[in-house]
Amino acid sequence: MPTIAVIGAGIIGVSTAYALLEHGYDVTVLEQQRYAAMETSFANGGQLSASNAEVWNHWSTILKGVKWMLRRDAPLLMNPAPSWHKYSWLAEFVSNISRYRENTVATTRLAIAARKYMFEIAEREHIDFDHVCRGILHVCWDKTGFDHATKVNDMLVEGGLDRRPVTAAEIAAIEPALNGNFHGGFYTPSDSTGDIHKYTTRLAQACTRRGGAFLYDAKVTRIEQRDRFRLTYSAPCAGGQSAELAIEADAIVVCAGSHSRDIAAMLGDRLNIYPVKGYSITVDLNDASAQAAAPWVSILDDRAKIVTSRLGAGRFRVAGTAEFNGLNRDIRDDRVRPLIEWTRTLFPGVTTNRVVPWAGLRPMMPNMMPRVGKGRAPGVFYNTGHGHLGWTLSAATSAILVQAVAAELPVDRLAA
């Protein structure tokens, strides 16, 4: 039985491990954190959103970034400090503007396909993750925003999504808790929300039940290839010291999020992933009044770059913003404050005296498309770079990845 080493235990790594185990591979996952789903898969916006499949490669994104550069609370913020990685990524980002429509349609189709896989997995493994199936409501404050959203809607519908325009009155009927004077919006009834951390950790448990192994606190430091791959990793030991350990595998799948760029360099590949920081707050709905004032329908406010998810009766997640600031994970008050103020404005009955802030790094490729498939060397594969749609696309890209592995390394190869 071929052995596969999966690097990374976020949503992509765990989904990949599960798909490989289902196909009959012997799988070991290496994760540098102590538990699964402790980085970008910890507290994201919670949306499973084909309706958010629009890629960012558009001139309007560039113009907004320039306009907002001096605003510390801007929805899109870029640290102007020189960085070859950042500016090379931006150059490639601009070069992919010509593929904006093509990539948006392709991402929509991939997101729709992912639903079937993921919901089947959740049912089969009895995974409870506060799943709410009440759709996503995209609100537009003015005609300009609505007109742009209409153009985006044409691409999403071309990709096969059921998404329809709604009036201000229909918005109020779909989500009565929402407070705002909107021009109109769009509603996608087939989209849903949930708790990504719950889903990922419970899927990791399902992997263990199926025979998968997880090595935590295992930071990969070196990869060598002879007849097989030898992965050396550092692990903590007694006395606060660290030890170097190693495992061998027939193939490697890199699912390491923003760290994938460094892992790829060890394997002789260039992977121009950039970490784009996003923030979230989780609001504790600690009484009946707050629970009644919070929405159950997920909201997407494109002007503010903010999304929401209801996580069961007692929690409300608000997330957004994009910050280009390298591998910086600092939680800044001036970036969290707009999320709180937005919540107080649109949902005035929700108390925000108990709010947990968080920041995570979205691993983004310049074309906003995930990198799925073979690397340069035999036995090297990638499933990474999913950006703001990691959870939404995870089940589909993992299924695609397994087919790529199977074409090169069939399950019965060693037994034959």
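**Close-up 1. Antiparallel pairing of β10 and β11 in the predicted model.** In this predicted model, strand β10 and strand β11, the latter formed by residues 229-236, are paired in the antiparallel sense over 6 bridges. The two strands form a hairpin, with 3 residues lying between them. Two positions illustrate the register of the pairing: valine 220 stands opposite tyrosine 233 of β11, and glutamate 224 has arginine 230 of β11 as its bridge partner.

**Close-up 2. The open sheet that contains β10, β11 and β12.** The sheet is open and consists of 3 strands in the order β10-β11-β12, with antiparallel pairing. Strands β10 (219-225) and β12 (242-249) stand at the edges and each has a single partner strand, so that one side of each is left without a neighbour in the sheet. On average, and with direction ignored, neighbouring strands of this sheet are turned by 25° against each other. As a guide to reading such a view, side chains in a regular strand alternate between the two faces of the sheet.

**Close-up 3. The surroundings of threonine 3 in strand β1.** Threonine 3 belongs to strand β1, which spans residues 3-7. Its relative accessible area is 15%, and threonine 3 is therefore classed as buried, the cut-off being under 20%. Through its side chain, threonine 3 makes a polar contact with the side chain of arginine 228, at 2.7 Å. When residues up to four places away in sequence are not counted, threonine 3 touches Asp26, Arg228, Glu248, Ala249, Asp250 and Ala251.

**Close-up 4. The packing of helix α4 against helix α5.** Two packed helices are described by the angle between their axes and the distance between the axes. Helix α4 (residues 100-124) packs with helix α5 (residues 143-158) at an angle of about 55°, and their axes are 8 Å apart. That angle makes α4 oblique to α5, and the crossing by which α4 passes α5 is right-handed. On the α4 side the contact involves Tyr100, Arg101, Thr104, Val105, Thr108 and Arg109, which meet His148, Val152, Asp154, Met155, Leu156 and Glu158 in α5.

**Close-up 5. Two residues with positive phi in the loop between α4 and β5.** Histidine 126 is placed in the loop between α4 and β5 (136-140), and aspartate 130 lies in the loop between α4 and β5 as well. Although histidine 126 is not a glycine, its phi is positive, at about 55°; aspartate 130, likewise not a glycine, has a positive phi of about 55°. As to accessibility, histidine 126 counts as exposed because its relative accessibility is 71%, where exposed requires over 50%. Aspartate 130, with a relative accessibility of 16%, counts as buried.

**Close-up 6. Threonine 343 in helix α10 and the residues that it touches.** Threonine 343 lies in helix α10, which comprises residues 333-346. With a relative accessible area of 0%, threonine 343 is buried. Leaving aside residues up to four places away in sequence, the residues touched by threonine 343 are Ile281, Phe316, Val318, Pro348, Val350 and Thr352. For orientation, lysine 277 is 66 residues apart from threonine 343 along the chain, and the C-alpha atoms of these two residues are separated by 20 Å.

Definitions and conventions: Residues numbered from 1 in each chain as written. Predicted model: local features only at pLDDT ≥ 70, side-chain atom pairs only at ≥ 80, totals over all residues. Heavy atoms only, no water. Pairing = 2+ DSSP bridges. Helix = DSSP H or I, 4+ residues; strand = E, 2+ residues; numbered from the N terminus. Axes fitted to C-alpha atoms, helices over the stretch in contact; angles between N-to-C directions. Buried < 20%, exposed > 50% of the residue type's maximum accessible area, 1.4 Å probe, protein only. Polar contact = N/O pair within 3.5 Å; in protein donor to acceptor, adjacent residues only side chain to side chain. Contact = heavy atoms within 4.5 Å. Parallel < 35°, antiparallel > 145°, perpendicular 65-115°, else oblique. Left-handed = near helix turned anticlockwise from the far one by under 90°.
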